[in-house]
Amino acid sequence: MPTKSAPVQGARPEGAHGEADASRKVRELFTQIAPRYDLLNHLLSLQLDRLWRKRVARHLRPILTRPDAIVLDLCCGTGDLTFSLAREGKARLLGADFAHPMLVRAKEKGALFAASSSEQSPRTLPFLEADALRLPFADSSFDLVATAFGFRNLANYEAGLREMHRILKPGGTLAILEFTEPPDDFVGKVFRWYYRNVLPRIGGLISGDSAAYTYLPKSVARFFRPPELASLMSAVGYDSVDFKVWTFGTVALHTAVRPSH
């Protein structure tokens, strides 16, 4: 949990020295677990990750139903949020991530998504390899930038928010879905016990990479609480900053708007 004496500036996997090294280690972690990433997401969340993404898509439906809207799923991983967003409307969608093996899987799933489409013209969803802190997009490119469980892994949170702000159109929306430490009640204690004891063992056993699933609960524990992230979003220059906490305080959807002026 961030404090004034030890502010949280970005993800710091075990042994990382500085932002560049942290970014490299995070990329390596997700490269290693890519083959089992979807299976473990669904298994370890008890399928709740599917529900959370659908709720995000429903919340953003007013934008997604606009055929002229351009939407980026940032830190898209294997594309699950991209597909959830696509099912809610006709907006033009793009997924971006910096872990190449994740994108390989996303493109495979994208081909299946297009083939299963009931439309006369199959809907192809492009996926691009890109670093969230140095995005290859022009200023004011997107009506919506959304990310699910990826923001927490950025090596510099403020820089990430500023880069998203840059590529959003004036009046565009940012949506960040992230894990958060739940309250210190009975449910919260059960959640922390599961995250710190059960999840690393199952994740390591199935993925073959215990380091990645040891990193996950540690990264959640040191990440912002929702009001703290909301405060940073406001400080960076976003308007209409808000958040909703779901599932006993274990996940939060943060939304904000780039000012129109």
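How do the residues of the lining of the largest pocket divide into nonpolar, polar and charged? This tour of a predicted model ends at that pocket, after a visit to the sheet.

**First stop: the sheet.** Select the strands. Seven of them form an open sheet in the order 3-2-1-4-5-7-6, and the pairing is mixed. Strand 3 (127–129) and strand 6 (239–246) are the edge strands, each of which pairs on one side only. From one strand to the next, the twist averages 20 degrees. In general, strands of a sheet pair through backbone hydrogen bonds, in either a parallel or an antiparallel sense.

**Second stop: one pair of strands.** Select residues 70–74, which are strand 1, together with residues 92–97, which are strand 2; the two pair in the parallel sense over five bridges. Then select Leu74, whose bridge partner in strand 2 is Ala96.

**Third stop: a helix on the sheet.** Select residues 100–115 to display helix 6, which lies across strand 2 and strand 3. Relative to strand 3, helix 6 runs at about 170 degrees.

**Last stop: the largest pocket.** Select Leu44, Ser45, Phe179, Tyr195 and Leu199, the residues nearest the centre of the largest pocket among the 30 that line it. The volume of this pocket is about 600 Å³. Next, display the elements that each give two or more residues to the lining: helix 1 (18–33), helix 2 (37–44), helix 3 (48–59), helix 8 (186–207) and helix 9 (210–222). Helix 8 provides the largest share, six residues. Finally, colour the lining by residue class to answer the opening question: 22 residues are nonpolar, five are polar and three are charged.

Methods: Residues are numbered from 1 along each chain as its sequence is written. This is a predicted model: local features need pLDDT of at least 70, side-chain atom pairs count only at pLDDT 80 or more; totals for chains, interfaces and linings use all residues. Side-chain values use heavy atoms; hydrogens and water are left out. Two strands pair if DSSP finds at least two bridges between them. Helices (H or I, at least four residues) and strands (E, at least two) are DSSP runs, numbered from the N terminus. Axes are lines fitted to C-alpha atoms, for helices over the stretch in contact, and angles run from 0 to 180 degrees between N-to-C directions. Contact means heavy atoms within 4.5 Å. On a 1 Å grid over the protein atoms alone, a cavity is a set of points where a 1.4 Å probe fits but cannot get out, and a pocket is an open set with protein on both sides within 12 Å along at least five of seven lines; lining residues have an atom within 4 Å of a point. Grid points are joined across faces, edges and corners, and a volume is the space filled by probe spheres set on the points. Ala, Val, Leu, Ile, Met, Phe, Trp, Tyr, Cys and Pro count as nonpolar, Asp, Glu, Lys and Arg as charged, and the others, Gly among them, as polar.
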